Amino acid sequence: MNWINQLINVPTIDPDDARRRKLLNIIVLGMFALDVLGIFGIIVVDIIDASPPENITSLYISAITVLAGIVITYLINRYWISWVAGVLFVTLFIIAVSQSDTPAELVQGRAMITFVPAVIIASVVLRPYAAFIVAIVVNVLLLIIGLNAQLEPDPFAVPIFLGIALATWLATRTMERAIGDLRLLNLELEDRVRDRTRELAESLSKTEAILDSTADGIIVFDNTGKATVANPAVSGLLVHRAEEIVGSDFEALMSNAVSTEDKGLISGFLHSQEAPEASVKFQWGKKTLSASAAPVHLESGEEIGTVAVFRDFTREAEIDRMKSTFVSIASHELRTPLNAIMGYTEMLNEGVYGPLTEQQRGAMGRLLANSSHMLGLVNNLLDRARIEAGTIKLNIGDFAPSKLIDGVKGVMDMMAHNKGLELTTNVANDVPSTLQGDWQRLHQILINFANNAIKFTQEGSVNIRIYMHDADHWALAVADTGIGIPEDAQQYIFEPFRQVDDSATREYGGAGLGLSIVKQLVTMMGGWIELESEEGKGSTFIVILPLIPPETEEFTLGETDLAVSDVVHQTETE
Ligand code: ADP
């Protein structure tokens with residue numbers, strides 16, 4: 001139907017003019033079709049009818065004249081001035097109508113009504129006020145026809161035509177205004193769309209520039225897990241071209257670069273809605289990468305995918321490994337001579353090499369206390385290094401809870417006594433006589449708590465007890481009546497090298513490692529720690545452990561030590 005559009009539409013700049021030309025074209029072409037049909041009808045009558053009407057020739061002439069008028073109007077409307085075409089058309093229409101009936105029918109009869117379309121067409125294809133002009137012209141015309149034929153003029157003609165003109169004028173004017181308002185609205189809308197498109201394009205190009213210049217690798221996944229955006233840095237990290245990444249899911253990209261174990265870890269991480277700060281580290285070929293992920297939300301709150309940030313962690317991982325190795329080697333190397341120093345000091349103290357004076361005994365006591373403090377520190381450093389290297393393993397076996405608690409009391413009694421504190425212990429009746437776990441590590445945990453409890457308590461008591469937490473868990477609790485721990489510090493004191501405040505460190509000593517090691521050990525044992533504390537009133541550290549420990553590989557600490565010695569040996573031979 002494109003040709004119809006081409007026939008009726010006239011391309012002009014003024015939209016009102018284009019609309020009027022189009023309307024006139026529709027009317028003119030409609031009439032053209034009717035006229036052609038009329039001519040066809042006349043031809044048929046002329047051929048078929050044996051005695052055609054007498055005025056058939058004048059019918060031909062009028063039909064062809066009308067056709068010529070229509071064609072001229074169309075051509076003027078299409079290629080020249082629209083109002084000329086409009087005036088011509090309305091004039092032709094009025095002439096045609098005035099010829100269609102007798103003067104009496106026109107002036108007084110129903111034929112008067114046939115002038116009404118001229119009024120309406122004029123207001124639509126010219127201007128709304130043209131309705132009045134045509135109404136007046138028609139009235140004048142009827143008056144002239146009436147006078148010529150000596151007929152009485154119809155008294156209703158003037159009010160009827162003016163009424164019709166008024167109604168038409170009102171309707172067309174309202175319609176034109178509405179169209180004008182609509183056009184303005186459209187223009188505004190177009191302006192707004194253009195502005196928004198420009199803003200969007202600017203922000204997109206800004207986002208793209210930011211993504212391109214970010215050193216971290218960034219991939220945006222949609223809700224189905226397919227990558228929709230990948231920046232240049234990520235293709236360097238993952239050794240895949242950006243075009244390969246976009247459209248693929250991460251599982252496909254991981255194929256050969258990642259171990260099966262890490263694949264599960266990464267997929268789980270990317271598809272679960274972890275906290276935004278959470279991250280995972282994994283091997284990608286020869287590289288160590290870290291990834292963090294966060295959900296992407298629209299302004300409406302709807303979640304549309306996940307953004308994952310990848311970072312090359314290879315150097316940091318290497319440095320971490322070297323640091324852990326160094327700490328293990330250094331602490332291991334320190335431990336051996338320290339044990340020798342302590343052994344000889346003890347022998348000297350016990351008079352193995354001859355009796356000591358009171359002054360010498362005092363000096364030996366300080367020597368022993370300081371070396372055992374240093375040994376504790378070195379042991380903690382070694383444990384921390386093993387935890388970071390992931391080489392620490394538990395040695396699970398049966399033990400008697402009462403023996404565990406007595407052992408701790410035996411070690412800590414003297415320290416408590418020296419500070420004038422009472423150290424009490426207690427094993428609840430419902431605790432089984434045999435428990436399962438790594439006795440040595442549990443001992444270490446209790447010593448750590450008890451040591452802190454005595455260290456941070458000036459007067460009162462320290463109590464160590466074992467009880468049943470619930471049917472499946474038993475608990476170790478160390479309570480003191482000491483300085484307590486402020487609420488804000490209760491979380492971070494479990495992080496390595498963290499203490500409540502530095503002035504206290506200077507007063508009480510310590511490196512802030514004990515609790516971080518305890519926390520790791522307890523986690524490995526399948527348990528957790530609870531802390532109840534109030535400043536100035538004391539603290540209770542509770543370790544809750546499962547009665548049946550989770551399965552761990554049976555590696556003894558001795559074997560881990562061997563691994564460290566190997567490293568020592570290796571470094572020595574290098
Ligand atoms: P360290 O005792 O060697 O500094 P820890 O990791 O064992 O290291 O303890 C960390 C910090 O937690 C301590 O420095 C201290 O500030 C606080 N803390 C631990 N136990 C207690 C306690 N029983 N009472 C008060 N503060 C404590």
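A residue is taken as buried when its relative accessible area is under 20%. By this criterion helix 16 of the predicted model is mostly covered, with 13 of its 17 residues buried. The helix runs over residues 439–455. Its end C-alpha atoms are 24 Å apart, in agreement with the 24 Å that 17 residues should span at 1.5 Å a residue. The N-terminal end of helix 16 is capped by Asp-438, a side-chain oxygen of which lies 3.2 Å from the backbone nitrogen of Gln-440.

Ala-453 is located in helix 16. Because its relative accessibility is 2%, under the 20% limit, Ala-453 counts as buried. Beyond residues up to four places away in sequence, Ala-453 touches Val-462, Val-478 and Asp-480. With respect to Asp-480, the separation along the chain is 27 residues, while the C-alpha atoms of Ala-453 and Asp-480 are separated by 5.6 Å.

Helix 16 also contributes to the surroundings of the ligand. The shell around the ligand comprises 21 residues, of which the closest are Asn-452, Asp-480, Gln-499, Val-500 and Leu-515. Asp-480 is thus among the closest residues to the ligand as well as a contact of Ala-453. Three polar approaches to ligand oxygen were identified. An N or O atom in the side chain of Asn-452 is 2.7 Å from an oxygen atom of the ligand. For Leu-515, a backbone N or O atom lies 2.8 Å from a ligand oxygen atom, and for Gly-514 the distance from a polar backbone atom to an oxygen atom of the ligand is 3.3 Å. Of the 530 Å² of accessible area that the ligand has on its own, the protein covers 95%. Two or more residues of the shell are supplied by each of helix 16, helix 19 (514–524) and strand 12 (538–546). The most is given by helix 16, with four residues.

Helix 15 comprises 18 residues, 401–418, and reaches 26 Å from its first C-alpha to its last, close to the 26 Å expected at 1.5 Å a residue. A bend of about 45° is nevertheless found at Met-412. Met-412 is itself one of the buried residues of the helix, the others being Pro-401, Leu-404, Ile-405, Val-408 and Ala-416. In an α-helix there are 3.6 residues a turn, so residues three or four places apart point the same way. The buried residues of helix 15 pack against helix 16 and against strand 6 (397–399), strand 7 (422–427), strand 8 (435–437), strand 9 (461–470) and strand 10 (473–480).

Asp-406, also in helix 15, is not part of this buried set. Its relative accessibility is 47%, which lies between the limits of 20% and 50%, and Asp-406 therefore counts as partly exposed. Asp-406 and Asn-426 are 20 residues apart in sequence, with a C-alpha to C-alpha distance of 9.4 Å. After helix 15 comes Gly-420, which has a positive phi, near 75°.

Positive phi values were also found at residues other than glycine. Most residues other than glycine have a negative phi. Gln-150, although not a glycine, has a positive phi of about 50°. Gln-150 is placed in the loop between helix 7 (130–148) and helix 8, and counts as exposed because its relative accessibility of 73% is over 50%. Val-239 likewise is not a glycine and has a positive phi of about 55°. The loop that holds Val-239 lies between helix 9 (232–238) and helix 10 (242–245). With a relative accessibility of 64%, again over 50%, Val-239 therefore counts as exposed.

Helix 8, which spans residues 157–213, contains Glu-176. This residue counts as buried because its relative accessibility, 15%, is under 20%. The side chains of Glu-176 and Arg-19 are joined by a polar contact of 2.8 Å. Apart from residues up to four places away in sequence, Glu-176 touches Arg-19, Arg-20 and Pro-128.

Methods:
Residues numbered from 1 in each chain as written. Predicted model: local features only at pLDDT ≥ 70, side-chain atom pairs only at ≥ 80, totals over all residues. Heavy atoms only, no water. Expected span 1.5 Å × (residues − 1). Bend = angle between axes of the 7 residues up to and from the residue. Buried < 20%, exposed > 50% of the residue type's maximum accessible area, 1.4 Å probe, protein only. Contact = heavy atoms within 4.5 Å. Polar contact = N/O pair within 3.5 Å; in protein donor to acceptor, adjacent residues only side chain to side chain. Near = heavy atom within 4 Å. Areas by Shrake-Rupley, 256 points an atom, 1.4 Å probe, with all protein chains shown as cover.
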